[in-house]
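Let's take a walk through this one together, starting with the loops and ending in the interior. Have the model open beside you as you read.

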Amino acid sequence: MSITILGIESSCDDTSAAVVRDGVLLSNVMAGQEVHRRYGGVVPELASRAHQQHIVPVVDMALREAGVEVPDLDAVAFTRGPGLLGSLLVGSSFAKALALARDIPIIGVNHLMGHVHALFLKGPEHGPSLPFLCLLVSGGHTQLMRVTNPLAMETLGKTIDDAAGEAFDKCAKMMGLPYPGGPVIDRLAQEGDPHRFSFAMPRVEDLDFSFSGLKTSFLYFLRDELKKDPDFIGKNRHDLAASLQRTIVEILMQKLTRAVEQTGITEVGIAGGVSANSALKEAVRRTGKQKGWKVYIPEPRFTTDNAAMITMTAYFKYLRKQFDDQQITPRARMML
Ligand code: KG4
Ligand code: ZN
């Protein structure tokens, strides 16, 4: 018997819906939100309103692209959290109503677990073998996970302050670049010298991360240079971007390498928005080759927030009959 699941992701500023059948992705539709651009960050109140406008057409298109009709669905999944509460409410309410109307199960999904399952979007047999390590790097989270079965994830280390994506976004903002800064830094860095400038490297214990020292070091550096030359950023943006990017990637790689050494696990994945970063991908591939790791990197469209990964998690939960009831509520904060 085949299992067909519709999944909805609405944790932040993108409304997305996807259909997965038997662990294979049939469609993944996304509607972005332009309204936040001029504010330099996501405005929660505007985000939830935009989700309300997008959700019906996005779901409709996801079903149509998959060639699936509502009566074909075996379950409806949604992102339960972490995320913006008003945004999560739109996805969860829609999922609950549809499941109630069709009398099918609902599945609430942890967004962070979803990011890790982006590694399985070529089909459940094509992801990393268990156990594997996953470096989850997004705008809100930076953590190292040991995954022993698809739904059992243990956090080996996490950031004690900012997330890696936040470090990209905040430093980009200091340079006057648009939000989100990560992809812009990545693009500028292509033509920059990554060793031109150096910034503070954190000294945190074990497998934890810290990015706030780098942020401060970057800020003070810019302030001092701007005093000498008001056009310092304009003249050096490529080298600044490349040097910043190198530092962030070094911080991440240090801990990832240590995690492999400590656990002896050589199946290694990266996931989350920052896993789209070209320098990080290259560093993971290069180190993997040197040290004999098997490396897994999601396709770019599955690195940032998307419903495909959420629906994949729901598929793993469906197989284990992990369903939720209509009383389930979204959570702004949620751990793995
Ligand atoms: O996973 P995601 O879409 O949202 C969260 O769940 O947080 O991640 C968004 C983050 C943003 O901080 C964005 O700047 C960063 O991912 N990002 C990148 C790149 N593409 C997205 N950072 C560095 N390089 C990129 N190419
Ligand atoms: Zn995310």
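Helices and strands here are DSSP runs, with at least four residues for a helix and at least two for a strand, numbered from the N terminus. Keep in mind that this is a predicted model. With that naming in hand, look for Asp 22, which sits in the loop between strand S2 (15-21) and strand S3 (24-31). Asp 22 isn't a glycine, yet its phi is positive, at about 50°. Its relative accessible area is 32%, so Asp 22 counts as partly exposed. Lys 321 has a positive phi too, about 55°, again without being a glycine. You'll find Lys 321 in the segment after H9, and because its relative accessibility is 59%, it counts as exposed.

While we're on backbone details, there are cis peptide bonds to look at. One runs from Gly 81 to Pro 82, with omega near -5°. Pro 82 belongs to the loop between strand S4 (75-81) and helix H2 (85-102). Another cis bond joins Leu 130 and Pro 131, where omega is about -5°. Pro 131 is in the loop between H3 and strand S6 (132-137).

Now for the metal. Which protein residues hold the zinc ion (ligand 2)? The donors are His 111 and His 115, each through NE2, and Asp 305 through OD, at 2.0 to 2.1 Å from the ion. Along the chain they follow the spacing H-x3-H-x189-D. That brings distant parts of the chain together: His 111 is in helix H3 (residues 111-117), while Asp 305 is in the loop between strand S10 (294-296) and helix H9 (307-319), 194 residues away. Both His 111 and Asp 305 are buried. Why call the arrangement tetrahedral? The four donor atoms around the zinc ion (ligand 2) subtend angles of 95 to 133°, and the label asks that all angles lie between 85 and 135 degrees.

Stay in that loop between S10 and H9 for a moment, since Thr 303 lies there as well. Thr 303 has just 1% relative accessibility, so it counts as buried. Setting aside residues up to four places away in sequence, Thr 303 touches the zinc donor His 115, along with Gly 272, Gly 273, Ser 275, Ala 276 and Pro 298.

Next, find Leu 280 in helix H8. With a relative accessible area of 1%, Leu 280 is therefore buried. Beyond its neighbours within four places in sequence, Leu 280 is in contact with Val 137, Val 249, Leu 252, Met 253, Ile 270, Val 274 and Ser 275. Ser 275, then, is touched by both Thr 303 and Leu 280.

Finally, let's look at how helices pack. Two packed helices are described by the angle between their axes and the distance between the axes. Helix H4 (residues 164-174) and helix H5 (residues 181-189) pack at about 75°, with axes 7 Å apart, so H4 and H5 are roughly perpendicular to each other. On the H4 side the contact is made by Phe 168, Asp 169 and Ala 172; on the H5 side, by Gly 181, Gly 182 and Ile 185. Sorted by class, that's three nonpolar, two polar and one charged residues.

Is H5 mostly covered or mostly open? Mostly covered: seven of its nine residues are buried, including Val 184, Asp 186 and Leu 188. The cover over those buried residues includes H4, helix H7 (232-263) and helix H8 (278-291).

Note on methods: Residues are numbered from 1 along each chain as its sequence is written. Chains are lettered from A and ligands numbered from 1 in the order in which they are written. This is a predicted model: local features need pLDDT of at least 70, side-chain atom pairs count only at pLDDT 80 or more; totals for chains, interfaces and linings use all residues. Side-chain values use heavy atoms; hydrogens and water are left out. Axes are lines fitted to C-alpha atoms, for helices over the stretch in contact, and angles run from 0 to 180 degrees between N-to-C directions. Angles under 35 degrees count as roughly parallel, over 145 as roughly antiparallel, 65 to 115 as roughly perpendicular and the rest as oblique. Contact means heavy atoms within 4.5 Å. Ala, Val, Leu, Ile, Met, Phe, Trp, Tyr, Cys and Pro count as nonpolar, Asp, Glu, Lys and Arg as charged, and the others, Gly among them, as polar. Donors are N, O and S atoms within 2.8 Å of the metal (3.2 Å for Na, K and Ca); water is not among the atoms, so sites may look incomplete. Four donors count as tetrahedral if all angles lie between 85 and 135 degrees; four count as square planar and six as octahedral if opposite donors are over 155 degrees apart and all others between 65 and 115; anything else is irregular. Buried means under 20% relative accessible area, exposed over 50%, partly exposed in between (1.4 Å probe, protein chains only).
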